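Open the model in a viewer and keep the selection panel at hand. The tour goes from one selection to the next and says what to look for at each stop.

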Amino acid sequence: PSSNPVEVTGVIDVRNPYKGLKAFQESDSDDFYGRDELIKSLMKRMTQTDRLGRFLAVVGASGSGKSSVVRAGLIPEIRKGTIMGVPDLFISTMMPGTTPMRNLEGAILKVASRATLKLMQTLSSDDYDLNEVLTQALPENGEMLLVIDQFEELFTLVPNEEKRRNFLNIIYQALTVKGSRLRLIVTLRADFLDRPLQYSDWGELFRERTELVPAMSESELRDVIEKPAEKNGLILVEGLSDVIIRDMNNQVGILPLLQYTLSELYERRKGLELRVVAYENMGGISGALAKRANEIYNTLSTEQKD
């Protein structure tokens, strides 16, 4: 942070390192800060060799950044080396949606190195054996690391209990069978933690292999705010980080709103500076989104407003 004014002439093209209301993706890893300790803990869990070590659940409140830490933190870290001595780890991400089996097959096809006719027949078979499918799809020593983001969709968007149970059984059997070719990470909202516990096998998985996502400390929040700016040549006027952190006041699920506020500050920057006066004019972290919504609303016609 700097209190020195910056004289700027002309237009300065500086990349926006903040994500607004979008979740971080793997491609955003260079802009992802503040979760170093959590990533270390997740990596440690990924390399454990216990009986259920192929599974990891990342559970946190809505807006706690669990999807972002997996996509932009953990996955890039995994790609840097090998997990459990597996040289060929094929990583694919999916969300359950309303058709989890179809989305699972899509995730497999993204990484399949042998998309043969036999594989396609196996994908559509009634007696679906996921481990056999992966054996057909991957190289001899390859394994698939499947990330199921927003695992709660399985319970909110899939109305048919038979289809839900079938999906859970297929995944569980592939995880626990001898010679498994599957590793699995799921992200789950904490208020849905009771749902998988209703299935005895999955209850054991979640009991033994859950990592909770805590609220960020003040120093971690400071990294989230300041380090992307510093890396991209932006200047936070002195006191801005302190004001933002104070206004966050340990509110639950506020990380997306923080990113949105920072992105708005970028849009309202003066030269290279992100300023306290712009933050205050936006209405602070609690008013930024509401103010922008009202600005958009006021541009609409009467019919559009209705």
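A residue is called buried here when its relative accessible area is under 20%, exposed when over 50%, and partly exposed in between. That cut-off is used at several stops below. The model is a predicted one.

**Whole chain**

Begin with the full chain in cartoon view. The chain has 306 residues, and 48% of them count as buried. Its C-alpha atoms occupy a box of roughly 65 × 50 × 35 Å along the principal axes. Colouring by secondary structure brings up 14 helices and seven strands. Among contacts with a sequence separation of 6 or more, 76% are between residues 24 or more positions apart.

**Strand β1**

Select residues 55-60, which make up β1. How many residues of β1 are buried? Six of the six are, so the strand is largely enclosed by the rest of the structure. Show the side chains and look at the two faces in turn: F55, A57 and V59 are on one side, while L56, V58 and G60 are on the other. Both faces are covered.

Now centre on A57 and look to either strand paired with β1. In β4, the bridge partner of A57 is V186; in β5, it is T210. The pairing of β1 with β4 is parallel and has six bridges. The pairing of β1 with β5 is also parallel, with three bridges.

**The sheet**

Extend the selection to the sheet that contains β1. Five strands form this open sheet, in the order β2-β3-β4-β1-β5, with parallel pairing. Which strands stand at the edges? They are β2 (89-94) and β5 (210-212); each has a single partner strand, so one side of each is left without a neighbour in the sheet. With direction ignored, neighbouring strands are turned by 15 degrees against each other on average.

Next, select β3 (residues 143-148) together with β4 (residues 182-189). These two strands pair in the parallel sense over five bridges. One position to label is L145, which stands opposite R183 in β4.

**Helices on the sheet**

Add residues 161-176, helix α7. This helix lies across β1, β2, β3 and β4, and runs at about 135 degrees to β4. Then add residues 200-208, helix α8, which packs on the sheet and touches β1, β4 and β5. The direction of α8 makes about 70 degrees with that of β1.

**L52 and the cavity**

Step back along the chain from β1 to L52, in the loop between α1 (36-46) and β1. Is L52 buried or exposed? L52 counts as buried, because its relative accessibility is 6%. Leaving aside residues up to four places away in sequence, L52 touches E204, L205, E208 and R209. For a distance to display, take the C-alpha atoms of L52 and V70: the two residues are 18 apart along the chain, and these atoms are separated by 19 Å.

Keep L52 selected and turn on the display of internal cavities. The count comes to one cavity of 30 Å³ or more. The largest cavity holds about 40 Å³ of space. Its lining consists of R51, L52, R54, F55, L175, T176 and L205. By class, these lining residues are four nonpolar, one polar and two charged.

**The largest pocket**

Switch from cavities to pockets. The largest pocket contains about 470 Å³ of space. It is lined by 25 residues, and those nearest its centre are A23, G63, G65, S68 and P256. The elements that give two or more residues to this lining are α2 (66-79), α9 (218-231) and α11 (255-267). Colour the lining by residue class to find 10 nonpolar, nine polar and six charged residues.

**Q150**

The last selection is Q150, in the loop between β3 and α6 (153-156). Most residues other than glycine have a negative phi. Q150 is not a glycine, yet its phi is positive, at about 55 degrees. Is Q150 buried or partly exposed? Its relative accessibility is 31%, so Q150 counts as partly exposed.

Terms used: Residues numbered from 1 in each chain as written. Predicted model: local features only at pLDDT ≥ 70, side-chain atom pairs only at ≥ 80, totals over all residues. Heavy atoms only, no water. Pairing = 2+ DSSP bridges. Helix = DSSP H or I, 4+ residues; strand = E, 2+ residues; numbered from the N terminus. Axes fitted to C-alpha atoms, helices over the stretch in contact; angles between N-to-C directions. Contact = heavy atoms within 4.5 Å. Buried < 20%, exposed > 50% of the residue type's maximum accessible area, 1.4 Å probe, protein only. 1 Å grid on protein atoms, 1.4 Å probe; cavity = no way out; pocket = protein on both sides within 12 Å on 5 of 7 lines; lining within 4 Å. Points joined across faces, edges and corners; volume = space filled by probe spheres on them. Nonpolar A, V, L, I, M, F, W, Y, C, P; charged D, E, K, R; others polar.
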